[in-house]
Amino acid sequence: MTSGLPVPSQAGHAGISSLIMDPECSQLLPALCSVLADPRQPVADDTCLEKLLDWFKTITEAGSSLLLLQENPCLLGLLCHVLKPQDLSPRVLAFSLRLAGMLAAQEDCFQYLQGDSSLFVASAAGQLLVHILGLSLQGPAEGHPGLQTGDWPVCAQKIVSHIEESLRSAATPQITQALNVLTTTFGHCHNPWTQVLWVRLSPLVACLLEKDPVPAAHSLVDLLLSVARSPVLSSSSCGLWETLAQTLSHLSPTQAGPLALGILKLQECPQALRAQAFAVLLQPLTCVLEATAQAPGLLDSLDGTGGASVTVDTLLPSKAACVGLLCRTLAHLELLQPLPQRPSPWPQAPLLGATVTILRLCSGSATPTSDAGGHLCAFLVGCVRVQRAALDFLGTLSQGTGPRELVTQVFAVLLEYLTSPDSSPTVLKKAFQATFRWLQSSPETPGCSDLDPHAQLFLRELLPVLPKRLCSPCWEVRDSGLEFLTQMIGRWGGQAGFRRALLASEAPELTEQLLRDPESYVRASAVAAMGQLSSQGLRVTPASPEHPGGQQKSLLAELLHILSTDSEGFPRRAVMHVFTQWLRDGHADVAGDTERFVARVLQVASQDLDWEVRAQGLELALVFLEQTLGRPSSHCPYAVTPPVAAPPSSLAQALRPLCRVQLFEFAFRALFDCDRPVAQKSCDLLLFLRAQTASYSGPQGSGSVPEVASVEAALQRWQAGDQGQPLGYLEPEVVVAVLRSMDLEGLRGALAESSDRVEKSPQSLLQDMLATVGALGEDEADCY
């Protein structure tokens, strides 16, 4: 030992340590402290330290930290030691700072607020101050809410003074750190003393607005919104709303946008401030409408929100500023639109008009009539970032209504993007998504659920273009086209107008060809689309425009081939989803010989290396089980009102098809699957089945079946990892007896416990940390 730090003896762990640590942990702790305190023993795995922090945090929250320190003084000395070496990584320093804060350690860590280049250290230092401040005020300030800062404990006064000095500093990093500390304080502490703190510090915060430019504007916005969300401060008369209004008028449009959005998301806020915030948020779109000489009614709607007029040259002076501000504005409005506290009335029409105009400026189809409009067009033409943001917002606006002429413009600009060869793959994907949302929101024809005439006209223009996208050399475009087609078939596959338009295109034939696409994502999307086409009777062949029933078997065979041979997991998962849906819906091919279908699928799925395929096999098995027993599994076996059990005679007959398809062998093997989600799903299925067979008794009684012992022995071997011989056909009474003998509840409880219970246990972490420096024997290191 070169550091001279005290190392606790074995006897030092007899008290609180034995209550919060296993005996094994108590034995490992001295060695860990020795390793960490010795500069010759670097610990390479910083993650271990961060995991150990979570353990100490739990101890601190339980109020045991001081006793732990008393019995293990090396911990506090260790923290002070680890804070000093310069060769430790920032994450190790961050760990030390955070742990020191949780243990209310020494106050000389204030220096870490000053100019440290590591974000880990800076963040941890701020959390340290907040934690110490909260701990120091738990007693006196809570008992006397009127207590002023001058009467606070010395530790708290020092922290407040340090924050004041930082706010007065000319260095932006110091101001940022101080603002971040206050943001964390008001976000996590809602005691009366926070009002006293804000009253003292708010003048210094307001003084920041007098500087040009406003320093640390992002952190200032975070602080003000944290204060506004505080239940203690938002309901008090501490000048908060005035400060927010002043800040909105002092920040640049880019800086003010997040503050405006935050204000509009508040549950309680003065109406005048909400109007000011909405005007700030709408300024960029107002400029777009103004620069492109849009209809006066649209411009008046946005100007009526109360904001001061700002010219395009001022608000959007350069391409970078224009692109950045428009993207942020559209994203903010997209977040605001679905909220119940959004401004009312909501300017749906001008927002639609502005968004369509932006998309046309980006595509180059707009015809500017002013110099400002020409500048905007030059900035935005071909800009993928703005196109993506505008299409996202346009899709969100589909939740509202708009004038028919504007809705027509929406479909026109969407068709323009979907047909343009210049649309990038990501833009096309978002155009498809926005198109589907607008088609969904179109008013249906009275008396039927078909698309309205305007939407049908749009679809007749779009569907001939879809095959071109399905033949694109870019796999992302093919994939997006297939996803759109699948959504459309699922929504309107049964409607005559859509069916005619789809069958008039080449999309169904091309979709089937894409089952053999070289890209696995595309094959998976093609599987999903073909599943929908087949379910709706829309699969076509050269010999039959709308299939005769016999043509469907080739698709079933092809999907089984994909499930058995495809080298990638995504297509195989897609096949399992299609097969499960076919079984659930009574698809013609499945209904013809359901048992044979289920048996073949389960046999293939059981051998798949992808756990999601196996899990979906259990979902298919559950659907078959429900259909065979004649009731769903929505009831939990432990529900207050359990499902009604079937009569024994009919139940025995119902179990035989399950036995013939070897569903139980599939489920029993899955019960011991190495992937926990599969085992959990199997356990739930078997618990449901056991509840359904509660009244069943075989001819000889459940305990006298000779095959039961053989099955139980096989299950024990499977659990041990030896899954060799299959069970073969099982009689219903054997299945019931085995189910009753198994502790499925205990197994489900064990599966519900995350593996983190072992991986993140104190003993495991201590072993990991010691293993990194070779302090453990070869066989002692934890497997995680």
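Let's start in a loop: Gln341 sits between helix α18 (319–336) and helix α19 (348–363). You might expect to find a loop residue on the outside, so is Gln341 buried or exposed? With a relative accessible area of 15%, Gln341 is under the 20% cut-off and therefore counts as buried. Keep in mind as you look around that this is a predicted model.

What does Gln341 touch, once residues up to four places away in sequence are set aside? Its partners are Leu264, Lys265, Leu266, Gln267 and Arg274. Gln267 is 74 residues from Gln341 along the chain, yet the C-alpha atoms of the two are separated by 6.9 Å.

From there, move to Pro270, which lies in the loop between α14 (253–264) and α15. Pro270 has 31% relative accessibility and so counts as partly exposed. Its C-alpha atom is separated by 7.7 Å from that of Trp241, a residue 29 places away along the chain.

Now step back to the whole chain. The fold is built with 42 helices and zero strands. Of the 784 residues in the chain, 52% are buried. Contacts across long stretches of sequence are well represented: among those between residues at least 6 apart in sequence, 72% join residues at least 24 apart.

Next, the interior. The largest nonpolar core has 214 residues, and the members that touch the most others are Trp198, Leu439, Phe579, Leu663 and Phe668. Helix α15 (residues 271–291) supplies the largest share of this core, with eleven residues. Leu439 is a good one to display on your screen. Leaving out residues up to four places away in sequence, Leu439 touches Phe411, Leu451, Ala455, Phe458, Leu459, Phe484, Met488 and Trp492.

Two more of those core residues, Leu663 and Phe668, lead us to helix α36, where both are among the buried residues. This helix spans residues 663–671 and is mostly covered, with nine of its nine residues buried. The buried set includes the charged residues Glu665 and Arg669, alongside others such as Phe664, Phe666 and Leu671.

Finally, let's see how some helices pack. Two packed helices are described by the angle between their axes and the distance between the axes. Take helix α21 (residues 384–397) and helix α23 (residues 425–441): their axes are 8 Å apart, at an angle of about 10 degrees. The two helices are therefore roughly parallel to each other, and α21 passes α23 in a left-handed crossing. On the α21 side, the contact is made by Val384, Gln387, Arg388, Leu391, Asp392, Leu394, Gly395, Thr396 and Leu397; these meet Thr426, Val427, Lys430, Ala431, Ala434, Arg437 and Trp438 in α23. By type, the contact residues divide into eight nonpolar, four polar and four charged.

How is α21 placed against helix α22 (residues 404–419)? Here the axes come within 12 Å and cross at roughly 140 degrees, so α21 and α22 are oblique to each other. This crossing is left-handed too. Gln387, Leu391 and Leu394 in α21 meet Val410, Val413, Leu414 and Tyr417 in α22. The residues of this contact divide into six nonpolar, one polar and no charged. Gln387, Leu391 and Leu394 also appear in the contact of α21 with α23.

Notes
Residues are numbered from 1 along each chain as its sequence is written. This is a predicted model: local features need pLDDT of at least 70, side-chain atom pairs count only at pLDDT 80 or more; totals for chains, interfaces and linings use all residues. Side-chain values use heavy atoms; hydrogens and water are left out. Axes are lines fitted to C-alpha atoms, for helices over the stretch in contact, and angles run from 0 to 180 degrees between N-to-C directions. Helices (H or I, at least four residues) and strands (E, at least two) are DSSP runs, numbered from the N terminus. Angles under 35 degrees count as roughly parallel, over 145 as roughly antiparallel, 65 to 115 as roughly perpendicular and the rest as oblique. A crossing is left-handed if the near helix is turned anticlockwise from the far one by less than a right angle, and right-handed if clockwise. Contact means heavy atoms within 4.5 Å. A nonpolar core is a set of buried Ala, Val, Leu, Ile, Met, Phe, Trp, Tyr and Cys residues joined through side-chain atoms within 4.5 Å. Buried means under 20% relative accessible area, exposed over 50%, partly exposed in between (1.4 Å probe, protein chains only).
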